[in-house]
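Here are my notes from going through the model you sent. I've put them as numbered points so you can follow along with the structure open.

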Amino acid sequence: MSGTHLVHGHPWAALVRQVAADRVDRAVFAAVFVAVGFGNSILLPFDFTQRISFANWGYLDPRYLAFTVAFALAMAWVLTLQVHAVREVLAARSSADAPRRAGPLGALAVVVSLLPSFLCCSPVVPTLVGLFGLSAAARLRTTGTITYFFATKQSLLLAGALALLVASGLWSTRKLARAACFAGVCSTPAKGDTVSAQVPRRCADPSPGPQGGGAVGASVADPAPTASGSPRS
Amino acid sequence: MSRRSAPNRATTARRPAKNRRANEAARQAAAHRRRLIGMGVAGVLVAAIIAVVAVVASSKSTSAPTTRSTGVGAIARNGSFTTASGAQAAIGSLRGHPTLVWFVTTWCSSCQAGTQALAGEIGHLASRGVRVVELELADDLGQSGPSITAFARQYAGAASANPDWTWGVASSRLTATYDPAGELEIYYLLDASGRVTYVNSPLVSTMSGLLGAVAPLTGNGHA
């Protein structure tokens, strides 16, 4: 975990630097990015082949590629923040909760992004519609309507899923940045001071929250940080 | 009642506060662990749903339709369609040559991909005496898609003009007969006597199976 919680400028920037400096967080980010990117690259073109296979890579167009990269980055950030928050709590450095809504929102974004690929052109919708005992004409019409929607609105659904995930990431970042601030870690070092000599100050954010006095004491007394204030991985 | 000294009272007062903070931290840590486990379970569920969909898609594509008139081994039931040139034709008129009858919707991704793939194989099929009849499902299943002619030009290119590749639109009755489940694409391989020998979808992913089914129909060359 990072051994210092210096904030230079915006708390969000400090949180990003803190996460980027932590070895475990970097590993989580990289692993999630690769896994989600790989999975999306195969699953998105599923509607072309109706198979989960490497042959789907032959149908990756610029739109799918751009979405895959952006979605993987956003998902990696959301999950890294979740892990970071849990580790912060376990290390008793923050008394605030991790963002609760980020996990379900992220899962919803994944489902929404894959709906067009899996519901268009596959036998899933005809099978489900067939369970309702409709007449042949009604069955054909209903199937056509549902699958046509997913076939023609795929870009919209992908954009919506990405927006949902980005919103989830922004919300999580804000919550964690504020939580770190309220734990008394918004210290600004004077020139030449060591970390242990710094006096934590209250953040500018006027929203109420836990004082985190114990966490402040812990961070000031933490022996790990170097004199330059660089975080410990 | 004996009075406690001030320092002892302060020490006693700090102990419950410290215990409360420790309990609070432990409670939050447990809550976060539960949340992580929940996220993990949700992730597994999403992966399981994806796997189920993939398995359903794969299994449905290899099963024959439920109607007796269009199952493997049955004589293909007659039905009418309109060719791209406006002529009326019927399934029964296709006898005499092995024929691939493929029903598609012109707005379906796998149909587009399959047509592109078929354009690469049409020469091979034609050399073995197999004719291809690609029919748009009646009214494109009630949705607006490109016409079969525009679809053919866009996805088959120059190969769409191959004389062994017929384009057309299926009648409503033909659609209901050969696509009772409302799938966006399904194809039937008929032998020269009009008997159904192979049924599958999507074409793009089952091309090798189709070519394998064609081989016994044509022997060394033309039927």
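**Notes on the model**

1. Let's begin with a loop residue: B:L141 sits in the loop that joins β4 and α3 of chain B. Bear in mind as you read that this is a predicted model.

2. Is B:L141 buried or exposed? Its relative accessible area is 4%, and the cut-off for buried is under 20%, so B:L141 counts as buried.

3. What does B:L141 touch, once neighbours within four places in sequence are set aside? From chain A, the contacts are A:L140, A:R141 and A:G144. From its own chain, they are B:T105, B:G182, B:E183 and B:L184. B:G182 is 41 residues away from B:L141 along the chain, yet the two C-alpha atoms are separated by 7.9 Å.

4. Now for the strand before that loop. β4(B) covers residues 131–136, and 5 of its 6 residues are buried, so the strand is largely enclosed by the rest of the structure.

5. On one side, β4(B) pairs with β3(B) (residues 99–104), in the parallel sense and over 6 bridges. If you want to check the register, B:T99 is opposite B:R131, and B:V101 has B:V133 as its bridge partner.

6. β4(B) also pairs with β5(B) (residues 165–170), again parallel, this time over 5 bridges. Here B:V133 turns up once more, standing opposite B:T166. As a reminder, strands of a sheet pair through backbone hydrogen bonds, either parallel or antiparallel.

7. Zooming out, what is the strand order of the sheet in chain B? The sheet is open and has 7 strands, in the order β2-β1-β5-β4-β3-β6-β7, with mixed pairing. Its edges are β2 (88–90) and β7 (196–200), each of which pairs on one side only. On average, neighbouring strands are turned by 30 degrees against each other, ignoring direction.

8. The helices link these strands up. α2(B), residues 109–127, forms a right-handed β-α-β unit with β3(B) and β4(B). α3(B), residues 148–156, does likewise with β4(B) and β5(B), and that unit is right-handed too.

9. Where do those two helices lie? α2(B) goes across β3, β4 and β5 of chain B, at about 165 degrees to β3(B). α3(B) lies across β3, β4 and β5 as well, and runs at about 140 degrees to β5(B).

10. For chain B overall, I get 5 helices and 7 strands, following α-β-β-β-α-β-α-β-α-β-β-α along the sequence. Of its 223 residues, 45% count as buried. Among contacts in chain B with a separation of 6 or more, 70% come from residues 24 or more positions apart.

11. One thing in chain A to look at: helix α2(A), residues 23–43. This helix has 21 residues and spans 30 Å from first to last C-alpha, close to the 30 Å expected at 1.5 Å a residue. A:D22 caps its N-terminal end, with a side-chain oxygen 3.0 Å from the backbone nitrogen of A:V24.

12. Which residues of α2(A) are buried? Among them are A:D25, A:V28, A:V32 and A:V36. Also on the list are A:G37, A:N40, A:S41, A:I42 and A:L43. When you look at that pattern, recall that an α-helix has 3.6 residues a turn, so residues three or four places apart point the same way.

Key. Residues numbered from 1 in each chain as written. Chains lettered and ligands numbered in written order. Predicted model: local features only at pLDDT ≥ 70, side-chain atom pairs only at ≥ 80, totals over all residues. Heavy atoms only, no water. Buried < 20%, exposed > 50% of the residue type's maximum accessible area, 1.4 Å probe, protein only. Helix = DSSP H or I, 4+ residues; strand = E, 2+ residues; numbered from the N terminus. Pairing = 2+ DSSP bridges. Right-handed = clockwise from strand over helix to strand, strands pointing away. Axes fitted to C-alpha atoms, helices over the stretch in contact; angles between N-to-C directions. Contact = heavy atoms within 4.5 Å. Expected span 1.5 Å × (residues − 1). Polar contact = N/O pair within 3.5 Å; in protein donor to acceptor, adjacent residues only side chain to side chain.
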